Amino acid sequence: MPNCLFCRIIEGETQSQQVFANDRLVAFKDINPQAPVHILIVPKKHVAALSLAEVEDRDILGEIQLTAKNIAASMKLEGFRLVLNNGRIAGQSVDHIHYHLLGGRRLTWPPG
């Protein structure tokens with residue numbers, strides 16, 4: 001998608017501070033971090049939102065969670081939060097499914 005910020009990052013057209021990449025995912029530091037560790041985990045396949053995901057996307061959705069666990073372990077996070085926003089009212093600002101991996105401090109509840 002030419003107007004999608006995350007597609008441009010995936011294609012290397014926009015710079016990011018990558019912490020992980022494979023053939024299906026990319027993970028990079030958020031430019032507006034909400035915690036000492038704030039990583040975005042993004043599938044390379046463009047899916048605008050979780051509500052638009054299809055059954056064929058289930059493997060990549062599971063891979064995102066396992067990748068989050070592995071990134072958190074590599075960063076020696078004692079605990080972490082994995083967040084997905086779906087739709088503008090929930091705070092989704094980029095129309096490409098992405099998960100926020102947050103950690104490095106005590107995370108309070110409710111989140112906001």
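Helices and strands here are DSSP runs numbered from the N terminus; a helix (H or I) has at least four residues and a strand (E) at least two. The model in every view is predicted.

**View 1. Strand 1 and strand 2 form a hairpin.** Three residues lie between the two strands. The pairing is antiparallel and runs over three bridges. Alanine 21 faces valine 26, a residue of strand 2. Glutamine 18 is part of strand 1. Its relative accessible area is 45%, so glutamine 18 counts as partly exposed. Beyond its neighbours within four places in sequence, glutamine 18 makes contact with Val26, Ala27 and Phe28. Glutamine 18 and leucine 40 are 22 residues apart along the chain, and 9.4 Å separates their C-alpha atoms.

**View 2. Helix 2 spans residues 58–74.** The helix has 17 residues. From first C-alpha to last it reaches 25 Å, close to the 24 Å expected at 1.5 Å a residue. Which residues of helix 2 are buried? They are Ile60, Leu61, Glu63, Ile64, Thr67, Ala68, Ile71 and Ala72. An α-helix has 3.6 residues a turn, so residues three or four places apart point the same way. The cover over the buried residues of helix 2 includes strand 1 (18–21), strand 2 (25–29) and strand 3 (37–43). Strand 4 (80–84) and strand 5 (99–103) are also among the elements covering them. Just after the helix comes lysine 76, with a positive phi of about 55°.

**View 3. Glutamate 63 of helix 2 meets arginine 24.** Glutamate 63 is one of the buried residues of helix 2. Its side chain joins that of arginine 24 in a polar contact of 2.7 Å. With residues up to four places away in sequence set aside, glutamate 63 touches Asn22, Arg24 and Leu25.

**View 4. The largest nonpolar core holds 16 residues.** Which of its residues touch the most other members? They are Ile39, Ile41, Leu61, Ile64 and Leu101. Strand 2, strand 3, helix 2 and strand 5 each give this core at least two residues. Helix 2 supplies the largest share, six residues. A second, separate core has nine residues, including Ile9, Val26, Phe28 and Val42.

**View 5. Isoleucine 39 and its contacts.** Isoleucine 39 is among the residues of the largest core that touch the most other members. Neighbours within four places in sequence are left out of the list that follows. Isoleucine 39 makes contact with Val19, Ala27, Phe28 and Lys29, and also with Met75, Tyr99, His100 and Leu101.

**View 6. Cysteine 4 and cysteine 7 form no disulfide.** The search of the whole structure returns zero disulfides. For cysteine 4, the nearest cysteine sulfur belongs to cysteine 7, 3.6 Å away. A disulfide is a covalent bond between the sulfur atoms of two cysteines. Why is cysteine 7 not bonded to cysteine 4? The sulfur of cysteine 7 is 3.6 Å from that of cysteine 4, its closest, and this is too far for a bond. The cut-off is 2.5 Å between the sulfur atoms. Both side chains can be placed by accessibility. Cysteine 4 is buried at a relative accessible area of 8%, and cysteine 7 is buried at 9%.

**View 7. Aspartate 57 sits in the loop between strand 3 and helix 2.** Is aspartate 57 buried or exposed? Its relative accessibility is 5%, so aspartate 57 counts as buried. A polar atom of its side chain lies 2.8 Å from the backbone nitrogen of glutamate 54. Apart from neighbours within four places in sequence, aspartate 57 is in contact with Lys45 and Val47.

**View 8. Leucine 107 lies in the segment after strand 5.** The relative accessible area of leucine 107 is 23%, so this residue is partly exposed. Residues up to four places away in sequence are not counted in its contacts. Leucine 107 touches Phe80, Arg81 and Leu102. The C-alpha atoms of leucine 107 and glycine 79 are 8.8 Å apart. In sequence, leucine 107 and glycine 79 are 28 residues apart.

How values were computed:
Residues are numbered from 1 along each chain as its sequence is written. This is a predicted model: local features need pLDDT of at least 70, side-chain atom pairs count only at pLDDT 80 or more; totals for chains, interfaces and linings use all residues. Side-chain values use heavy atoms; hydrogens and water are left out. The expected span of a helix is 1.5 Å times one less than its number of residues. Buried means under 20% relative accessible area, exposed over 50%, partly exposed in between (1.4 Å probe, protein chains only). Contact means heavy atoms within 4.5 Å. A nonpolar core is a set of buried Ala, Val, Leu, Ile, Met, Phe, Trp, Tyr and Cys residues joined through side-chain atoms within 4.5 Å. Two strands pair if DSSP finds at least two bridges between them. A polar contact is a pair of N or O atoms within 3.5 Å; within protein, one must be able to donate a hydrogen and the other to accept it, and residues adjacent in sequence count only if both atoms are side-chain atoms.
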